[in-house]
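Grab a pencil and open the structure viewer. We'll work through a few exercises together, one step at a time.

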Amino acid sequence: METLVCNFHSAHTNSFISRKTPSSTFLTRQVRISLPSNRSSATLTLRGMADSTQNPVLKQQKVIIPNKHGEKIVGLLHDTGSKEIVVLCHGFRSTKEQETMVNLAVALENEGISAFRFDFAGNGESEGSFAYGNYWKEADDIRAVIEHFSGANRVTSVILGHSKGGDDVLLYASKYHDIGAVVNISGRYDLNKGIEERFGKDFMEKIKQDGFFDVKNKAGTIIYRITLESLMDRLNTDVHKACLQIDKECRVFTVHGSADEIIPVEDALEFDKIIPNHKLQIIEGANHSYTSHQAELTSAVLNFIKEILQ
């Protein structure tokens, strides 16, 4: 197993990790949030690290892990020295640098909990080709990550995913039965839904006729291609059936925004109906990306994870 490790200090700006190492004082990142209760605003400060004279240096390590297909999975380990690790999984056409992934990793790090955020194969820095489906393949990427850290005498206590990543972690728990807690942030309950709404009513007809469908931006540039094979991969992925196979001892926490414009909040309610050891929290007013509700999302996730690790 090949592993590449590079150390970084915790300096954060614009939701990305800076590879420049300040000498003594480290930067902070501020997120403006809206509080639905009184419509006022507040500021959440996510600190990569306080002044080095007050706290020990926390290492961030770039780690490369081969998956079962021989593709190199690239991730960043926020290492606090804890034996337990939380694995963070991004969503569709996203990366480990997505705001929610970064904010949660930093928040966990500040609580003394190690976190690993990585790019699925075909995304970000990782090797492989992007594909529209790949849900079970991404669950196997998670498997490669967990096995890597297990081999390093670390314990993956929680796996967390946002959007498509939320489905990935649920599928993982249903297949491997070796994880004690799962956090599903805004995952989709029925993968047959959301396609026509996103690509148009004639989408299925076009892809069956041509064998593929090119998704373009407003300028007409192709940003990715959906093949008939990758579409069927998604349509044949039964999240409902998978959730019924999750061990009853596995604790599942679903978080969803009431104003999610991509995946309706009703999907979260369906998860709550069928997963036995399940906790649900709806964040009022939050959209799919939790644009104005990063603080509330982080607080909810931290409370659950700290309860798990007690």
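Below are four exercises on this predicted model, each with its solution.

**Exercise 1. Find out how confident the predictor is, and where to be careful.**

Step 1: Start with the whole chain. Its pLDDT averages 84, and 81% of the residues score at least 70.

Step 2: Now look for the weak stretch. Over residues 1-57, pLDDT stays under 50. The model still has 124 contacts beyond four places in sequence for residues 1-57.

Step 3: Decide what to do with that. Where pLDDT is low, don't read the predicted coordinates in detail.

**Exercise 2. Describe how helix H1 packs on helix H9.**

Step 1: Recall what you need. A pair of packed helices is described by the angle between the axes and the distance between them.

Step 2: Locate the pair: H1 covers residues 99-110 and H9 covers residues 294-309. Their angle is about 50°, and the axes lie 10 Å apart.

Step 3: Put a word to the angle. Roughly parallel needs an angle under 35 degrees, and roughly perpendicular runs from 65 to 115, so H1 is oblique to H9. The crossing of the two is right-handed.

Step 4: List who touches whom. H1 brings Glu99, Thr100, Asn103, Leu104, Ala107 and Leu108, while H9 brings Gln294, Leu297, Thr298, Val301, Leu302 and Ile305. Sorted by class, that's seven nonpolar, four polar and one charged.

**Exercise 3. Do the same for H2 and H3.**

Step 1: H2 (residues 135-151) and H3 (residues 164-176) pack at about 70°, with axes 8 Å apart.

Step 2: The range for roughly perpendicular is 65 to 115 degrees, so H2 is roughly perpendicular to H3. This crossing, too, is right-handed.

Step 3: Check the contact. Among the residues of H2 that meet H3 are Trp136, Asp140 and Arg143, and the H3 side includes Lys164, Asp167 and Tyr172. The tally for H2 with H3 is nine nonpolar, one polar and seven charged residues.

**Exercise 4. Follow the chain around the hairpin of S12 and S13.**

Step 1: Which way do the strands run, parallel or antiparallel? S12 (residues 212-216) and S13 (residues 222-227) pair in the antiparallel sense, over five bridges.

Step 2: Pick a pair of partners. Phe212 sits opposite Thr227 in S13.

Step 3: Look at the turn. Five residues lie between the strands, and Gly220 takes a positive phi near 90°.

How values were computed. Residues numbered from 1 in each chain as written. Predicted model: local features only at pLDDT ≥ 70, side-chain atom pairs only at ≥ 80, totals over all residues. Heavy atoms only, no water. Axes fitted to C-alpha atoms, helices over the stretch in contact; angles between N-to-C directions. Helix = DSSP H or I, 4+ residues; strand = E, 2+ residues; numbered from the N terminus. Parallel < 35°, antiparallel > 145°, perpendicular 65-115°, else oblique. Left-handed = near helix turned anticlockwise from the far one by under 90°. Contact = heavy atoms within 4.5 Å. Nonpolar A, V, L, I, M, F, W, Y, C, P; charged D, E, K, R; others polar. pLDDT = per-residue confidence, 0-100. Pairing = 2+ DSSP bridges.
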